[in-house]
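Let's walk through this protein together, starting with the overall fold and then moving in to individual side chains. Please keep the viewer open as you read.

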Amino acid sequence: SAASALSKFVVIDIMSATKGAKVFKTKCSQCHTVEAGGAHKQGPNLHGLFGRQSGQAEGYAYSTANKESGIIWGPDTLFEYLEAPKKYIKGTKMVFAGLKKPAERKDLIAYLQEATA
């Protein structure tokens with residue numbers, strides 16, 4: 001039935017976000033926070049990230065490259081960016097090498113969609 005197909009999807013999404021929370025904790029939380037009003041660290045707070053243009057979090061000193069890239073953050077742009085940030089935005093000051101595994105990126109994005117909303 002459509003309902004069971006939908007519930008399967010929701011369960012997978014929740015599991016993905018749970019895995020993504022672990023990815024965030026181990027790979028991202030040293031430099032980023034996600035909650036509303038969270039502090040900027042070495043990287044900006046990510047609250048409200050989805051649908052926002054790059055380089056726009058208030059009170060964070062972005063690289064010129066990031067501010068001028070014109071990227072609108074969504075699942076598709078993040079999926080590419082997180083693979084190799086320095087290739088996606090040449091001149092970014094984000095020192096993170098990237099997440100090579102597509103599944104890790106998908107999980108992280110699922111987590112970020114919940115955590116930054």
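The paragraphs below go from the whole chain to its aromatic rings, then to a few residues and the cysteines.

Keep in mind from the start that this is a predicted model. The protein chain holds five helices and zero strands, so the order of elements from the N terminus reads α-α-α-α-α. Of its 117 residues, 38% count as buried. The accessible surface comes to about 6,900 Å², and carbon and sulfur atoms make up 61% of that area. If you look at contacts with a sequence separation of 6 or more, 40% of them join residues 24 or more positions apart.

The aromatic rings are a good place to zoom in. Searching the whole structure turns up four aromatic pairs. One of them joins Tyr-60 and Tyr-62 in an edge-to-face arrangement, with 4.8 Å from centre to centre and 75° between the planes. Both partners, Tyr-60 and Tyr-62, are buried. Elsewhere, ring pairs connect Trp-73, Tyr-81 and Tyr-88 into a cluster.

Another ring, that of Phe-79, has a charged partner: Arg-105 lies over its face, at 4.1 Å from the ring centre. You will find Arg-105 in helix 5, which covers residues 102-115. Is this arginine buried or exposed? Arg-105 has a relative accessible area of 3%, so it counts as buried. What does its side chain reach at 2.7 Å? The answer is the backbone oxygen of Leu-99. Setting aside residues up to four places away in sequence, Arg-105 touches Phe-79, Leu-82, Glu-83, Leu-99 and Lys-100. Phe-79 and Leu-99 therefore each appear twice in the surroundings of Arg-105: Phe-79 as the ring beneath it and as a contact, Leu-99 as the polar partner and as a contact.

Next, turn to Asn-66, which sits in helix 2, residues 64-68. Its relative accessibility is 8%, and because of that low value it counts as buried. Asn-66 and Ser-54 are twelve residues apart in sequence, while their C-alpha atoms are 6.0 Å apart in space. Beyond its neighbours within four places in sequence, Asn-66 is in contact with Ser-54, Gly-55, Ile-89 and Thr-92.

That last contact leads on to Thr-92, placed in the loop between helix 4 (85-88) and helix 5. Thr-92 is buried too, with a relative accessible area of 9%. Its side chain reaches the backbone nitrogen of Met-94 at 3.2 Å. Again leaving out neighbours within four places in sequence, the contacts of Thr-92 are Ser-63, Ala-65, Asn-66, Tyr-81, Pro-85 and Lys-86. Tyr-81 is a name you have met already, as a member of the ring cluster with Trp-73 and Tyr-88.

Finally, what about the cysteines? The count of disulfides comes to zero. Why does Cys-28 form no bond with Cys-31? The sulfur of Cys-31 is the closest cysteine sulfur to that of Cys-28, yet the two are 8.8 Å apart, which is too far for a bond because a disulfide needs sulfur atoms within 2.5 Å. Cys-31 is likewise in no disulfide. The two also fall into separate exposure classes: Cys-28 is buried at a relative accessible area of 12%, whereas Cys-31 is partly exposed at 23%.

Key:
Residues are numbered from 1 along each chain as its sequence is written. This is a predicted model: local features need pLDDT of at least 70, side-chain atom pairs count only at pLDDT 80 or more; totals for chains, interfaces and linings use all residues. Side-chain values use heavy atoms; hydrogens and water are left out. Rings of Phe, Tyr and Trp (its six-membered ring) pair if their centres lie within 6.5 Å; planes under 30 degrees apart count as stacked, over 60 as edge-to-face and the rest as tilted. Buried means under 20% relative accessible area, exposed over 50%, partly exposed in between (1.4 Å probe, protein chains only). A charge sits over a ring if NZ of Lys or CZ of Arg is within 6 Å of the ring centre and within 35 degrees of the ring normal. Helices (H or I, at least four residues) and strands (E, at least two) are DSSP runs, numbered from the N terminus. A polar contact is a pair of N or O atoms within 3.5 Å; within protein, one must be able to donate a hydrogen and the other to accept it, and residues adjacent in sequence count only if both atoms are side-chain atoms. Contact means heavy atoms within 4.5 Å. Accessible areas come from the Shrake-Rupley method with a 1.4 Å probe; for residues, only the protein chains shown count as cover.
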